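Visitor: I have a structure here and a few minutes. Can you walk me through it?
Guide: Sure, let me put it up.

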Amino acid sequence: MRDAGAQKAVETESVAPRGRPGACDSGDAELEWGRIVEAVAERAVGPLRERPRVPVHATRELARAALARTAEALSLQQRGERLPLTGWPDLSRQLARLSRHGDLDGEALRQVLELLAAARVLRLFLSRHREHASALRLRLSTSAGLDGLEELLASALEPDGSLRSRASADLSRLRTEVANLRGRLVRRLEGMLESRGAILQERYYTEREGRYVLPVRADAHERLHGIVHATSATGATLFIEPRELVEAGNRLKMARAEMQREELRILAMLSQATRDQLPDVEQALEVLDEADLVRAAAQLCLDLEGVVPELDEADVLELRDARHPLLVLDGVRVVPNSLRVAAGQALLLSGPNAGGKTVALKTLGLAALMARAGLPIAAAEGSRVGFFPVVRTDLGDHQSTQQNLSTFSAHISHVASILEQARPGALVLLDELAGGTDPEEGAALATAIVLELCERGAATVTTTHYPALKALGAKDARVTNAAVAFDVETMRPTFRLELGLPGASCALPVARRFGLPQAVVERAQACLPESRRAAETLALELARLREQAVRERDEEQAARLRAQSLLRDAEEIEARARRQAAGVAERELAKLRGLFREARRELESARRRLREAGDDDALREAAERLVETEGRLPRPAPRPTREPSSPAQSPPVEASELVLGARVWAPELRRVATIVELGGRGRVRVLAGSLKCWVDAAGLRRDPDAGAKPGREASSKRAHPRVSRAEDLTPRGDGNSLDLRGLRVDDALALAETFLDRLYGEDVDVAYLLHGHGGGALRRALRERLAQGLPTVRAFGPGAPEEGGDALTVVTLR
């Protein structure tokens with residue numbers, strides 16, 4: 001019984017259109033190519049994840065280049081150097097708008113910035129790995145000229161897509177003017193809340209239609225002269241702009257309008273800058289999509305435990321230990337099989353139903369398509385895959401009432417179209433060729449079709465139950481038999497293919513296995529001709545002997561592998577024992593050395609006491625006893641290294657040791673200091689107590705007490721952990737608090753760093769930075785700077801609810 005589906009040809013394009021689910025023109029339904037495309041998309045991180053597309057290349061050169069890129073990405077990933085992709089938006093629609101001379105808003109420009117940053121990171125990564133990624137670098141190159149556009153967008157846009165005040169001098173001035181006007185207006189409103197509180201519904205002010213208003217009770221609105229901008233749903237509250245604030249409101253609204261015009265001008269300027277480099281931006285988007293596909297293909301290879309094949313020059317499919325990729329991804333335990341077919345040859349798969357013949361057909365078809373798409377195959381090293389520009393399949397029941405076609409006539413119609421396209425480079429996969437008709441005529445027809453396909457140069461694989469077609473494998477060198485092994489003892493197929501032998505169909509045992517009554521099976525057995533029963537019995541005996549030989553071979557191989565494993569375990573145990581013995585000896589030796597040092601210190605102490613003694617006889621007697629005791633103690637071997645006797649004898653600091661947070665001896669200050677900033681021309685900035693100054697790096701020496709004191713440790717620049725509220729922190733006070741509200745981000749960051757440096761020098765353990773809630777820009781910038789790593793900071797986090805919560809950042813110092 002064939003699976004439902006339609007026979008189709010697979011003659012594909014070199015590149016699929018953006019957004020198209022796959023690249024196979026046909027054959028994908030029967031071979032389930034769409035599921036392969038989905039498996040690749042699941043391993044992607046960019047737009048490919050939502051819009052799957054895997055192009056199946058139309059030429060050998062394109063397919064070979066795609067496989068080379070996948071192989072390089074896999075090699076990099078196996079070395080822990082995965083392509084650095086973290087996701088980016090699909091900007092097709094936004095770039096199309098730019099091409100039509102439309103402008104982008106701040107959010108769209110921020111997405112362009114993300115795209116440019118991702119392209120730059122990929123370009124630098126491939127440049128660093130040029131020796132191992134030549135094919136990737138050739139295909140995935142982007143223009144370095146985009147770096148200037150990235151810098152322009154980054155300087156003008158905040159992380160949330162809004163414009164920075166420094167995007168233009170006019171915008172900075174206008175925003176300051178708007179803030180000042182609003183501040184004065186709000187102060188007057190707050191005063192009116194106190195003076196007019198009796199007529200207000202509630203004590204607050206709000207905005208309606210861009211104007212500041214007060215919520216006045218409807219029954220008292222005549223006591224406040226002004227403009228009514230809105231009413232509440234119940235009509236009990238009128239939102240009135242006081243008459244004395246109308247002029248101030250007008251100035252604020254005009255200032256806001258002018259500010260918005262300036263923002264639109266800047267967005268138009270940034271859009272035009274992007275439009276000027278639109279071809280390079282579009283190329284960057286395509287490159288990132290291609291890199292995403294290559295990285296997903298490399299991950300697919302690891303998940304399949306497969307290989308990236310090298311495209312063979314011959315039209316051959318030779319798979320070693322091949323497995324159906326979709327079954328592997330579904331977690332099914334798959335029996336690996338080796339298969340081979342070449343141009344002008346045919347492989348005949350025979351054996352019991354439900355034994356895996358159709359799965360083998362699909363495995364071969366998917367291997368051919370995956371190699372053309374640059375994807376790995378689920379097979380072992382040494383597999384050979386040629387380039388098959390035509391893949392024709394006939395795996396289903398094509399009965400059609402609309403076209404007045406029976407199962408057999410529809411099948412033959414499709415086979416006829418396959419014969420028209422049969423040529424060298426064509427892979428033909430047929431399930432139960434010429435079935436559904438008279439067995440003798442069907443066998444003759446199948447034999448003729450297979451021979452015709454071989455003569456036309458196609459690589460043909462077909463399943464069959466016809467004895468006459470199986471006999472062809474013994475008479476024609478172009479035809480090879482392969483049998484699905486059958487376990488006679490359990491009366492079940494083993495799903496293992498044996499090349500070179502035909503397989504018995506075992507229809508009666510399979511019928512019994514799937515529930516046909518025993519009496520019916522026995523009657524069928526009796527209806528078989530004697531010669532057929534003898535042949536079936538002989539085939540089952542041959543299958544039993546073959547299975548027994550395979551089992552014995554597998555047991556011998558398993559025993560050999562177990563012996564090798566035991567030998568490796570024994571060698572590891574021996575090596576481990578040697579290491580443990582060496583470790584014990586080293587620990588004992590260290591213990592003895594400690595005892596010697598302790599005894600020697602006691603002797604030296606005793607000598608000092610004896611020198612201070614006044615009794616000559618006691619001195620002489622104790623001295624003799626000390627000499628005798630010291631003579632019995634062996635002297636430990638001298639240590640290979642010694643500590644410098646003074647900071648001046650410490651070795652100079654190497655250039656590689658000049659990192660943020662490193663502790664050094666500064667001769668100019670005559671004290672140990674911490675490096676807090678690296679400058680140019682051989683200068684570094686150091687912090688010693690509360691003193692921060694620039695010194696020459698050439699004169700710095702290593703800290704003579706490095707590693708000897710448990711105090712504040714030098715650390716390289718790194719992100720800090722969050723503050724645990726379980727810590728016993730110093731309460732907030734005037735001395736350890738800094739109010740940053742109302743400051744610009746750059747000024748606030750500079751002031752905060754200076755404040756933290758001062759507290760660090762004064763040995764204060766905690767600082768409180770007040771930035772308020774507001775829009776959150778200052779809070780995010782401050783915490784991002786702290787997360788980048790400051791040598792004085794140990795951890796940071798938001799304040800407790802009673803301290804102000806997220807309006808406050810608590811910093812613990814080292």
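**Helix H4 first**

Guide: This is a predicted model. Start at helix H4, residues 92-99, where Gln94, Leu95 and Leu98 are buried.

Visitor: Why are they on the same side of H4?
Guide: The three cover an arc of only 95 degrees around the axis, which puts them on the same side of H4.

Visitor: And what do the buried residues of H4 pack against?
Guide: Three helices: H5 (106-128), H9 (246-276) and H10 (278-304).

Visitor: What comes just after H4?
Guide: His101, with a positive phi of about 65 degrees.

Visitor: Switching topic. Which strands form the open sheet, and in what order?
Guide: Four of them, in the order E23-E24-E26-E25, with mixed pairing. E23 (737-739) and E25 (793-798) stand at the edges. Each has a single partner strand, so one side of each lacks a neighbour in the sheet.

Visitor: How much are neighbouring strands turned against each other?
Guide: By 20 degrees on average, ignoring direction.

Visitor: How many bridges join E24 to E26?
Guide: Five, between residues 766-770 of E24 and 808-813 of E26, and the two run antiparallel. Leu769 stands opposite Thr809 in E26.

Visitor: Which helix packs on the sheet?
Guide: H20, residues 745-761. H20 touches E23, E24, E25 and E26, and its direction makes about 160 degrees with that of E24.

Visitor: Now the whole chain. How many helices and strands?
Guide: 21 helices and 26 strands. Of the 814 residues, 43% count as buried.

Visitor: What about the exposed area?
Guide: The chain exposes about 42,700 Å², and carbon and sulfur atoms supply 51% of it.

How values were computed: Residues numbered from 1 in each chain as written. Predicted model: local features only at pLDDT ≥ 70, side-chain atom pairs only at ≥ 80, totals over all residues. Heavy atoms only, no water. Buried < 20%, exposed > 50% of the residue type's maximum accessible area, 1.4 Å probe, protein only. Helix = DSSP H or I, 4+ residues; strand = E, 2+ residues; numbered from the N terminus. Arc of directions from axis to C-beta. Contact = heavy atoms within 4.5 Å. Areas by Shrake-Rupley, 256 points an atom, 1.4 Å probe, with all protein chains shown as cover. Pairing = 2+ DSSP bridges. Axes fitted to C-alpha atoms, helices over the stretch in contact; angles between N-to-C directions.
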